[in-house]
Structures are given as C-alpha cells and as structure tokens.
Amino acid sequence: MRAASALLLLASTAGQQMVAPGGMTPYSGGGGGGGPRFGGYVRLSEPVLGFFVTGSSIDPMNGVFGPRLDSAAAKSALPPSLASTVGHGAYPHSHSGWTLAHVQKPGGRDHEWVLFDANFRERFACPGDSLIPSSGRRWSHLHRVSRVPPSEAEAAAAKTGGTEGGGGGGGAAA
C-alpha cells in the first residue's frame, strides 16, 4: 500500500512538469563558452513565419509580429511605396498596427529591417540582408523623413486599424 502511494505521488508530480529534468540548458551564444547571451548565430534557408519582440518601453512595439507577408501579399496590406521595396517579407504586429519589414534602404539597393509604427512612420532600423534581424544593439532610432507619403500612410493605417500607438509626430520618424 505504501509503495503504491509513493508511486502515485511520483506519477502525479511527473505529470505536472512541463520539461523533463535536463531538458533545458543555458544558451551559450552559438557555440561560445558561456559568455554574453547575444551574438549567437542561426542558419535559415527560408524566411520565418514571425517574430516576438519584448523589452521595449514603447508598449505597442512589444509582442508578436506575423504571420509573414511575402512581397505579393504586402501589396494589398502596405502602402504602395513601401510594398514595392519589400525584400524577405513584412510582418504586421498581431494587434498594435506596427509592422516589421525587410525593405530597401531609401535611395539604395541594400536592404534593412525597419520597424514602422501604426502610421507607417519609420521608427527603428537594423542594417542587413539576413533572413532575420539582428539583436537589439544593432538597431538604431531613426530621425529621417518617412519614405511613405502621408496620403498613402493614412489610407493604409485606415485599412490596418493603425493610428493607435503610433507616437511621434508629423512625417518624420519620432
């Protein structure tokens, strides 16, 4: 009887664990020896379905970006001047109206990852042609005039439910 009670207690405890013992190990940065936890690497052969952003003091920027819009789908969801420059894809935020997009740099052939607010103003950028954007330290706050004309931004924001959480001012990135 006592052995059966112990076995029942062990079974109920094991059923409550989400990960088996030893199933989680510290991330070592892609092969480094326990140094800082950024700067690792990932190998991908195709664009991912979405991204999760957290830790920003700008609340509408935190959360899930996705599912991915390829360049064809982006034409119906984004302002035309932005949709025509999409590279690896655009990822609309699940509820805030913000968009993470891999687009051509203004006036150039190179691409960059850009976070657009709900009014399609460019807020942050990260250089690169990779399938995923770099970590936080590579991103910079933008102080440039938006590539999206105000009339296009208003029409697209109305379609996507934008204007809330946009922040900033006028046509320049805040």
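Val-114 stands opposite Ala-125 in strand S6. The model is predicted, and this briefing follows the strands around that pair. Strand S5 (111–116) supplies at least two residues of the largest nonpolar core, and Val-114 is among the residues with the most contacts inside that core.

**Ala-125 and strand S6**

- Ala-125 belongs to strand S6, which covers residues 122–127.
- The relative accessible area of Ala-125 is 4%, and buried means under 20%, so Ala-125 counts as buried.
- Burial is common along this strand: five of the six residues of S6 are buried, and S6 is mostly covered.
- Leaving out residues up to four places away in sequence, Ala-125 touches Glu-112, Trp-113 and Val-114, as well as Arg-138, Trp-139, Ser-140, Leu-142 and Arg-144.
- Ala-125 and Leu-142 are 17 residues apart along the chain, while their C-alpha atoms are separated by 6.8 Å.

**Strand S5**

- Six of the six residues of S5 are buried, so the strand is largely enclosed by the rest of the structure.
- In a regular strand the side chains alternate between the two faces of the sheet.
- His-111, Trp-113 and Leu-115 point one way from S5, whereas Glu-112, Val-114 and Phe-116 point the other way.
- Phe-116 is in contact with Leu-82, Trp-98, Thr-99, Ala-101, Val-103, Arg-121, Glu-122 and Arg-147, leaving aside its neighbours within four places in sequence.

**How the strands pair**

- S4 and S5 pair in the antiparallel sense over six bridges, and one bridge joins Gln-104 to His-111 in S5.
- Six residues lie between the strands in the hairpin of S4 and S5, where Gly-107 takes a positive phi near 70 degrees.
- S5 and S6 also form an antiparallel pair, with five bridges.
- The hairpin of S5 and S6 has five residues between the strands, and Phe-120 there takes a positive phi near 60 degrees.
- S6 pairs with strand S7 (residues 140–141) in the antiparallel sense over two bridges; the bridge partner of Phe-124 in S7 is His-141.

**The nonpolar cores**

- The largest nonpolar core has 17 residues, and those with the most contacts inside it are Leu-78, Leu-82, Val-103, Val-114, Phe-116 and Phe-120.
- Helices H3 (80–83) and H4 (150–160) each supply at least two residues of this core, as do strands S3 (86–92), S4 (99–104) and S5 (111–116).
- A second, separate core has twelve residues, including Tyr-91, Trp-98, Leu-100 and Cys-126.

Notes
Residues numbered from 1 in each chain as written. Predicted model: local features only at pLDDT ≥ 70, side-chain atom pairs only at ≥ 80, totals over all residues. Heavy atoms only, no water. Core = buried A, V, L, I, M, F, W, Y, C linked by side-chain atoms within 4.5 Å. Buried < 20%, exposed > 50% of the residue type's maximum accessible area, 1.4 Å probe, protein only. Helix = DSSP H or I, 4+ residues; strand = E, 2+ residues; numbered from the N terminus. Contact = heavy atoms within 4.5 Å. Pairing = 2+ DSSP bridges.
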